[in-house]
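Trainee: I have this chain open in front of me, and I would like a close look at one part of it. Could you walk me through the open and enclosed spaces, and then show me what else is worth a look around them?

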Amino acid sequence: MAPNDPTPPDAPLESAFGHAELEVDGLAMVRLLGPQDRLLTRLEHEFPGVEVHVRGNRVALDGDPSQVAAAERLVRELVTMVRDGVDLGPSDVSTSARILERGETTPAEVLSQAIISSRGKSIRPKTHGQKAYVDAMDHHTVTFGIGPAGTGKTYLAMAKAVQALQRKEVDRIILSRPAIEAGERLGFLPGTLTDKIDPYLRPLYDALNEMMDPEIVPKLLATGTVEVAPLAYMRGRTLNNSFVVLDEAQNTTPEQMKMFLTRLGFGTRMVVTGDITQVDLPLGASGLQLVSHILDGVDDIHFARLTSDDVVRHSLVGRIVDAYTRYDAEQQARQHARELGGDPDGVNRAARRGRAADSTARGHEHKGRRRS
């Protein structure tokens, strides 16, 4: 050992090992572990460098110091939530870990905000972006929820609609979607126009049955308290004291979007949801794409933009969304480069066309001299 080395030869390598212990009361411990220790398993999956040991009412964490510190903070947050009665699932453990990693807020502030409870299941935002989206619906007359598949745009909007109806804040719920193929490729299907459009509206019916007693839903539909209708049925109406949700709005034309928004009456809230990367319109611009430029900054209108970080389906969905986003960005960059003349392939093709034209012209000129 060098004479100036302050570290003795048998000093413990504290930086290579971390340890933490937490005491959790019995009931909270049961809820923390989850059925078949599923929450504990997900905790170990989130922090592969940490070993988790449960002995009685104590949780011990050993392993990489930085991961132990992060895991300890996560466990404390989970304990706080289960003590407050939040019913956690494995996905909530992963969501809580991401929230803590970003430092935007605390998991308890996001996951403890239950919108409605149905058949023992609480519907609540599960990401910081979703919480901001839900808060926007509380504070604005018109809210746009724009984001990729799986971010809860429609589901949370419908939950807020049911909540508003249950609290008697509105007299009815109106749910609508554009049916872009109605009267075109659906013409061969049997039944009335409503029967033909029904497949487009089926996701809204399914969500309603999840959030409300399935026996009550038909009665509410029959009395008009809940209405599910294609966008075309909105023309000429004024919607008062209603909670109106327009789903799949990326498939509206600019004219349809203007028509829908001008149906707004007194005591009504509107939520417009869509994914501008999945436009199915055969021709023309999407009304959702255009309205985000026209109405951005208008008072009492809010645009909530969700991202792949807010996807609450299978974790693979978020990675799929990111992959498509990168692909679209690359395609746009290539298109932009071609328009500016900076794309190598485009330049080469133009050069080849120019050389071919010169060669043809020289051939004609040579033939002309030979004939003369």
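Mentor: Happy to; we will start with the whole chain, go on to its pockets and its cavity, and end with a ring pair and two loop residues.

Please keep in mind that this is a predicted model. The chain has 372 residues, and 40% of them are buried. Its secondary structure comes to 13 helices and eleven strands. If you take the contacts between residues at least 6 apart in sequence, 69% of them join residues at least 24 apart. The accessible surface is about 21000 Å², with 52% of that area belonging to carbon and sulfur atoms.

Now for the part you asked about. The largest pocket holds about 940 Å³ of space. Its lining counts 40 residues, and the ones closest to the centre are Gln130, Gly152, Tyr155, Leu156 and Val312. Try finding those five on your screen, and then look outward for the elements around them. At least two lining residues each come from helices α4 (90-102), α7 (153-166) and α8 (193-211), and likewise from strands β5 (121-123) and β10 (269-274). Helix α7 gives the most, with five residues. As for chemical class, this lining is a mixture of 13 nonpolar, 15 polar and twelve charged residues.

The second largest pocket has a volume of about 620 Å³. There are 21 residues in its lining, and Asp275, Thr277, Val321, Thr325 and Asp328 lie nearest the centre. Here the main contributor is helix α12 (residues 315-340), which gives nine residues. The classes in this lining are ten nonpolar, seven polar and four charged.

Next comes the enclosed space. What lines the largest cavity? This cavity has a volume of about 90 Å³, and the residues around it are Leu32, Leu33, Leu39, Leu40, Leu43, Val52, Val54, Val59, Val75 and Leu78. Two or more of these come from each of α1 (26-33), α2 (38-46), β2 (50-55) and α3 (65-83). The largest share, three residues, belongs to α2. Sorted by class, the lining has ten nonpolar residues, no polar ones and no charged ones.

Let us turn to the aromatic rings. The structure holds one aromatic pair. The ring centres of Phe144 and Phe303 are 4.5 Å apart and their planes meet at 10°, so the pair counts as stacked; the cut-off for stacking is planes under 30 degrees apart. Phe144 sits in strand β6 (residues 142-146) and Phe303 in strand β11 (residues 301-305), so the pair ties together parts that are 159 residues apart in sequence. Both Phe144 and Phe303 are buried.

Finally, here are two loop residues to look at for their backbone angles. Most residues other than glycine have a negative phi. Glu248, however, has a positive phi, near 55°. You will find Glu248 in the loop between β9 (242-246) and α10 (254-261), where it is partly exposed at 28% relative accessibility. Asp300 also has a positive phi, near 70°. The loop that holds Asp300 runs between α11 (287-294) and β11. With a relative accessible area of 30%, Asp300 counts as partly exposed.

How values were computed:
Residues are numbered from 1 along each chain as its sequence is written. This is a predicted model: local features need pLDDT of at least 70, side-chain atom pairs count only at pLDDT 80 or more; totals for chains, interfaces and linings use all residues. Side-chain values use heavy atoms; hydrogens and water are left out. Rings of Phe, Tyr and Trp (its six-membered ring) pair if their centres lie within 6.5 Å; planes under 30 degrees apart count as stacked, over 60 as edge-to-face and the rest as tilted. Helices (H or I, at least four residues) and strands (E, at least two) are DSSP runs, numbered from the N terminus. Buried means under 20% relative accessible area, exposed over 50%, partly exposed in between (1.4 Å probe, protein chains only). On a 1 Å grid over the protein atoms alone, a cavity is a set of points where a 1.4 Å probe fits but cannot get out, and a pocket is an open set with protein on both sides within 12 Å along at least five of seven lines; lining residues have an atom within 4 Å of a point. Grid points are joined across faces, edges and corners, and a volume is the space filled by probe spheres set on the points. Ala, Val, Leu, Ile, Met, Phe, Trp, Tyr, Cys and Pro count as nonpolar, Asp, Glu, Lys and Arg as charged, and the others, Gly among them, as polar. Contact means heavy atoms within 4.5 Å. Accessible areas come from the Shrake-Rupley method with a 1.4 Å probe; for residues, only the protein chains shown count as cover.
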